[in-house]
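Reader: I have a chain in front of me and some questions about how it is put together. Please keep the answers short.

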Amino acid sequence: LVAMGLPERNAGGGGHNPPPEGFVAATIELPGPRVVKIHFQAAGSEHKAKPHGIHGVEIIWQVFDTPSPSVSIDELIHSEFDTMTPYEFRFSDAQRGKHLYFAMRWENTTGEKGPWSEIMEAIIP
């Protein structure tokens, strides 16, 4: 496994995945009207693959009418979960031009969660 670049298996089988430690990095894509795509990967990684032992990413978000530079994690009241990048938001015509704020964190295969990313912003096209 090591020669192929894969992590070694736990000798005793089973084993516990440690809580995620790294941050999630995101790239925002605006492919068309009312659509925001978030491509995510491990911060500092050149690869799109999730880190070993990670099930997916939790995304919390909220749409605001105007820019809000002091948004806190507590104000992001909607939650999504995705196991494969990219995640795609779809909005209504009435939401065009509004500001989407979101943050993400890894979740491992046993449900333990890592630290939140920085809060990011996109304007809904």
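**Strand β6 and its surroundings**

Author: H99, Y101, A103, R105 and E107 point one way from β6, while L100, F102, M104, W106 and N108 point the other way, and all are buried. Buried means under 20% relative accessible area, exposed over 50%, partly exposed in between (1.4 Å probe, protein chains only). Strands are DSSP runs (E, at least two residues), and helices are H or I runs of at least four, numbered from the N terminus. This is a predicted model, where local features need pLDDT of at least 70, side-chain atom pairs count only at pLDDT 80 or more, and totals for chains, interfaces and linings use all residues. Residues are numbered from 1 along each chain as its sequence is written, and side-chain values use heavy atoms, with hydrogens and water left out.

Reader: How many residues of β6 are buried?

Author: In a regular strand, side chains alternate between the two faces of the sheet. In β6, H99 and Y101 are among those pointing one way, L100 and F102 among those pointing the other. Both sets are buried. The count for β6 is 10 of 10.

Reader: Which strand does β6 join through 10 bridges?

Author: Two strands pair if DSSP finds at least two bridges between them. One antiparallel partner of β6 is β7, over 4 bridges; there, L100 has A122 as its bridge partner. On another pairing, G56 stands opposite E107, and F64 is partnered with H99. The strand joined to β6 by 10 bridges, also antiparallel, is β3.

Reader: Why is β3 described as largely enclosed?

Author: β3 is joined to β6 by 10 bridges. It is also joined to β4 (residues 78-82) by 5, again antiparallel, with V57 opposite D82. β3 is called largely enclosed by the rest of the structure because its buried residues number 10 of 11.

Reader: Which strand gives the most to the largest nonpolar core?

Author: A nonpolar core is a set of buried Ala, Val, Leu, Ile, Met, Phe, Trp, Tyr and Cys residues joined through side-chain atoms within 4.5 Å. The largest has 20 residues, and F89, F91, L100, F102 and M104 have the most contacts inside it. At least two residues each come from β2 (35-42), β3 (54-64), β5 (87-90), β6 (99-108) and β7 (120-123). The top contributor, with 5 residues, is β3.

Reader: How many residues are in the other core?

Author: This core lies apart from the largest one. Its members include V71, L76, Y101 and A103. Y101 and A103 point the same way from β6. The core's size is 6 residues.

Reader: Is S117 buried or exposed?

Author: S117 sits in the loop between β6 and β7. Contact means heavy atoms within 4.5 Å. Leaving aside neighbours within four places in sequence, S117 contacts F23, V24, A103 and M104. Its relative accessibility is 8%, so S117 counts as buried.

Reader: What share of contacts between residues at least 6 apart joins residues at least 24 apart?

Author: The chain has 0 helices and 7 strands. Its C-alpha atoms fill a box of roughly 55 × 30 × 20 Å along the principal axes. Of its 125 residues, 34% count as buried. For those contacts, the share is 66%.
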